[in-house]
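Welcome! Grab your favourite viewer and work through these exercises at your own pace, trying each task before you read its solution.

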Number of protein chains: 2
Amino acid sequence: MTHLDLMKTLHIPAQTKIVHLVMDGLGGLPRPEDGKTELEAARTPNLDELAARSQLGLAVPVAPGVTPGSGPAHLALFGYDPLRYDVGRGVLSALGIGFDLQPQDVAARGNFCSVDAQGNITDRRAGRIPTETNEKLVALLRDIQLPGVQVFVETVKEYRFVLVLRPTEGQSLGANIADTDPQRTGVPPLPARALDADSEATAALVNDWIAQARRILQDHHPANALTLRGFAQDPGLPPFAEIFGLRAGAIATYPMYKGVARLVGMEVLPVDGETLEDELETLRRHWADFDYFFFHVKKTDSAGEDGDFVRKMEVIEHVDAVVVPAILELDPDVLIVTGDHSTPALLKSHSWHPVPTLLWSRFNRPDGIAIFNERVCGRGSLGVFPATAELPLALGHARRLTKYGA
Amino acid sequence: MTHLDLMKTLHIPAQTKIVHLVMDGLGGLPRPEDGKTELEAARTPNLDELAARSQLGLAVPVAPGVTPGSGPAHLALFGYDPLRYDVGRGVLSALGIGFDLQPQDVAARGNFCSVDAQGNITDRRAGRIPTETNEKLVALLRDIQLPGVQVFVETVKEYRFVLVLRPTEGQSLGANIADTDPQRTGVPPLPARALDADSEATAALVNDWIAQARRILQDHHPANALTLRGFAQDPGLPPFAEIFGLRAGAIATYPMYKGVARLVGMEVLPVDGETLEDELETLRRHWADFDYFFFHVKKTDSAGEDGDFVRKMEVIEHVDAVVVPAILELDPDVLIVTGDHSTPALLKSHSWHPVPTLLWSRFNRPDGIAIFNERVCGRGSLGVFPATAELPLALGHARRLTKYGA
């Protein structure tokens with residue numbers, strides 16, 4: 001029996017409330033001057049006080065040594081093994097820009113690239129054209145028509161865009177199509193090749209679109225061609241409500257996180273603004289209506305990506321000062337404070353390091369350590385554990401699982 | 001290769017002795033007055049002294065957040081993944097009352113229930129009739145005859161009973177039969193429906209039995225009908241001796257634990273009485289004859305289930321004072337002290353919390369902490385580990401596994 005099947009079998013109704021507070025990219029690395037991580041350097045009296053009454057541990061998002069993208073990292077927090085439930089790149093890209101993806105859509109990531117007179121690729125990223133150029137080219141590409149499907153082209157950033165085909169009534173598309181990006185220069189882009197019979201018609205449509213796009217782009221060097229990869233459809237994940245028996249509300253301000261939450265079947269709650277205070281207002285307004293709240297904090301990750309140690313520290317302090325007390329004020333039954341992955345300012349990127357995690361409930365055995373940081377979490381009684389265990393643990397502590405076996 | 005296959009491949013003969021001391025429901029939760037668990041509050045000088053020379057950790061019986069029943073929890077201690085080796089409810093119920101289940105028997109859990117004049121269920125538990133009423137009704141049901149099979153009906157408690165069909169020479173039964181309990185009131189019990197061809201004849205026999213039972217019960221409101229669920233046969237687990245290469249003796253006083261030990265192929269040793277001293281006498285008497293002893297202490301769990309913190313504490317103190325020194329006196333090579341699950345007095349029930357565990361052997365690396373409780377086990381060098389790892393660890397420490405690979 002898989003762990004999701006187990007949850008599906010065991011969950012029972014209850015009146016309890018779970019809050020999953022996710023500081024994106026929370027984990028860090030020591031800065032040279034004093035050997036402290038962002039979380040260690042931050043002044044966090046509320047988290048420290050909560051830690052004294054909680055269990056601590058380090059969550060592994062995907063697998064040891066593996067740096068996760070935001071999609072897989074959040075799937076793991078939501079209880080879905082990201083190695084088993086593979087959400088295609090095309091879908092993640094569409095969700096990342098807030099595109100309203102429908103279940104039958106086929107999405108692919110696109111790159112503008114440069115080709116020479118022979119049609120061989122000379123630059124796979126078209127000289128990293130500015131986003132404004134991308135937007136102008138995308139506007140031109142939107143004129144392309146294909147028989148029987150709706151076509152969407154959306155700018156992502158610099159040389160990257162998203163292509164989405166949407167079937168019309170009665171038609172169905174297939175996404176099992178090989179990448180057209182040959183992953184090297186000196187050769188032409190590949191044609192879209194179907195990898196199963198159900199995707200052949202779709203591959204033909206994609207090749208038709210590529211041919212029209214090439215004619216439009218031919219005089220727009222360095223972006224005079226394109227490649228497509230990560231063709232994918234909504235993977236049809238087993239719905240969160242069915243698996244965990246929770247009415248789940250997602251509170252986030254960035255498209256990617258709202259997208260992944262929607263993909264598992266959470267209700268994405270409207271946030272009036274972009275601040276943590278705005279998100280808290282949403283939490284309070286919907287407190288009575290949901291059993292589980294995913295509360296996402298984006299700016300820890302953004303600061304880490306920018307290599308800005310102090311700003312990341314300040315975001316953590318803001319969460320400590322404002323978000324933690326406000327959540328506790330609502331009197332949840334279970335509160336987990338964690339991140340989806342580490343984003344050390346030192347690395348200016350996501351990293352493979354496991355994520356400091358705190359679990360508080362009325363029925364836990366506190367580790368009795370009044371500090372919340374990577375170091376003490378490494379000695380906590382949750383151990384080093386897969387992030388997919390957070391939801392099952394939360395359900396157990398919320399008294400929402402019946403006994404397994406007699 | 002599964003872990004059981006690995007053990008089967010690697011085990012080698014040795015003269016060493018392993019004792020697995022299982023205090024049922026050992027793990028607890030802090031009591032409000034002083035924040036101590038049962039194990040923390042208990043005075044345990046012998047366990048503490050042993051802990052100083054041992055490794056500590058927290059065992060997860062089934063999966064994070066999941067509260068195990070006694071059957072799955074013990075399977076895990078015996079090295080069998082309880083999610084892979086599913087022992088049906090009917091079998092566990094029969095074992096739980098000490099019924100001498102045979103490999104071909106089909107067992108089901110029964111509930112007496114109440115139905116109205118239309119045959120619709122009005123109370124799924126027949127008003128929780130007293131056990132004495134159950135016994136009288138079971139005596140009546142024992143008159144039912146079925147062609148070609150032996151039928152056993154046994155009282156469990158209150159509204160619960162067990163039904164067992166035993167095939168006669170040459171006949172074979174199937175247990176893939178859906179529950180007749182519709183899990184709600186206002187509808188009639190369902191007929192027994194075979195879920196595969198091999199179970200059709202058995203389902204017909206069950207329906208015949210149900211029809212006769214309904215006629216007998218019709219004037220015995222509130223117990224004027226019944227439902228059956230968890231149809232199951234002995235799952236035919238891979239035998240303990242083959243997997244681990246151990247002659248295993250089980251010392252327990254309650255039917256459920258003897259039953260599960262027998263299910264994996266251990267020899268259940270007779271205990272003359274019900275006290276811990278009686279169990280120790282059995283251990284001493286059979287010391288020369290076995291390589292592995294499962295030594296079960298029931299009363300930690302019973303006290304926890306009763307919500308009696310102090311009594312649970314006293315049972316632990318009794319084990320510390322009497323059982324631990326007596327086992328050490330026998331000079332085992334490996335001693336594991338653990339529980340099958342947690343039963344905090346605070347919750348008056350089994351719980352999902354991992355179980356404090358101590359492993360002593362001549363060849364371990366002691367953590368050097370002279371305390372045995374949940375909190376220090378949460379920092380121990382065994383980490384937070386699956387309970388199924390205890391047998392392999394014991395074998396390793398007993399020098400009973402050869403090298404894997406060259």
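The exercises below go from confidence to helix packing, then to backbone geometry and exposure.

**Exercise 1. Confidence**

Task: Find what average pLDDT chain A has, and what ipTM and pTM the model scores.

Solution: Start by keeping in mind that this is a predicted model. Next, look at chain A, where the average pLDDT is 96. In that chain, 100% of the residues score at least 70. Finally, read off the scores for the model, which are ipTM 0.89 and pTM 0.90.

**Exercise 2. Helices H4 and H9 of chain B**

Task: Work out how H4(B) is oriented relative to H9(B), and which residues meet.

Solution: First locate the two helices, with H4 of chain B covering residues 70-77 and H9 of chain B covering residues 255-263. Their axes are 10 Å apart, and the packing angle is about 45°. Since angles of 35 to 65 degrees fall between roughly parallel and roughly perpendicular, H4(B) is oblique to H9(B). The handedness of this crossing is right-handed.

Now list the partners. H4(B) contributes B:Ser70, B:Gly71, B:His74 and B:Leu75, and these meet B:Met256, B:Tyr257 and B:Val260 in H9(B). Sorted by class, the contact of H4(B) with H9(B) holds 4 nonpolar, 3 polar and no charged residues.

**Exercise 3. Helices H5 and H9 of chain B**

Task: Repeat the analysis for H5(B) and H9(B): at what angle do the axes cross, and which residues make the contact?

Solution: Helix H5 of chain B spans residues 89-96. Its axis and that of H9(B) come within 7 Å, crossing at roughly 125°. An angle between 115 and 145 degrees belongs to the oblique class, so H5(B) and H9(B) are oblique to each other. On the H5(B) side the contact involves B:Val91, B:Leu92, B:Leu95 and B:Gly96. On the H9(B) side you will find B:Pro255, B:Met256, B:Gly259, B:Val260 and B:Leu263. By class, the contact of H5(B) with H9(B) has 7 nonpolar, 2 polar and no charged residues.

**Exercise 4. Backbone geometry**

Task: Decide whether the peptide bond from A:His221 to A:Pro222 is cis or trans, and find the sign of phi at A:Glu158 and at A:Arg399.

Solution: Begin with the usual expectation: most peptide bonds are trans, and most residues other than glycine have a negative phi. The bond from A:His221 to A:Pro222 is cis, with omega near 10°. A:Pro222 sits in the loop between helix H7 (200-217) and strand E7 (225-232) of chain A. In chain B, the bond from B:His221 to B:Pro222 is also cis, with omega near 10°, and B:Pro222 lies in the loop between H7 (200-217) and E7 (225-232) of that chain.

Turn to phi next. A:Glu158 is not a glycine, yet its phi is positive, at about 50°. This residue is in the loop between strand E5 (149-157) and strand E6 (160-167) of chain A. A:Arg399, not a glycine either, has a positive phi of about 55° and is found in the segment after helix H14 (390-397) of chain A.

**Exercise 5. Exposure**

Task: Classify A:Gln118, A:Glu158 and A:Arg399 as buried, partly exposed or exposed.

Solution: Use the cut-offs: under 20% is buried, over 50% is exposed, and values in between are partly exposed. A:Gln118 has 63% relative accessibility, so it counts as exposed. A:Glu158, with a relative accessible area of 28%, is partly exposed. A:Arg399 stands at 35% and is therefore partly exposed.

Conventions
Residues are numbered from 1 along each chain as its sequence is written. Chains are lettered from A and ligands numbered from 1 in the order in which they are written. This is a predicted model: local features need pLDDT of at least 70, side-chain atom pairs count only at pLDDT 80 or more; totals for chains, interfaces and linings use all residues. Side-chain values use heavy atoms; hydrogens and water are left out. pLDDT is the predictor's confidence in each residue, from 0 to 100. Axes are lines fitted to C-alpha atoms, for helices over the stretch in contact, and angles run from 0 to 180 degrees between N-to-C directions. Helices (H or I, at least four residues) and strands (E, at least two) are DSSP runs, numbered from the N terminus. A crossing is left-handed if the near helix is turned anticlockwise from the far one by less than a right angle, and right-handed if clockwise. Contact means heavy atoms within 4.5 Å. Ala, Val, Leu, Ile, Met, Phe, Trp, Tyr, Cys and Pro count as nonpolar, Asp, Glu, Lys and Arg as charged, and the others, Gly among them, as polar. Buried means under 20% relative accessible area, exposed over 50%, partly exposed in between (1.4 Å probe, protein chains only).
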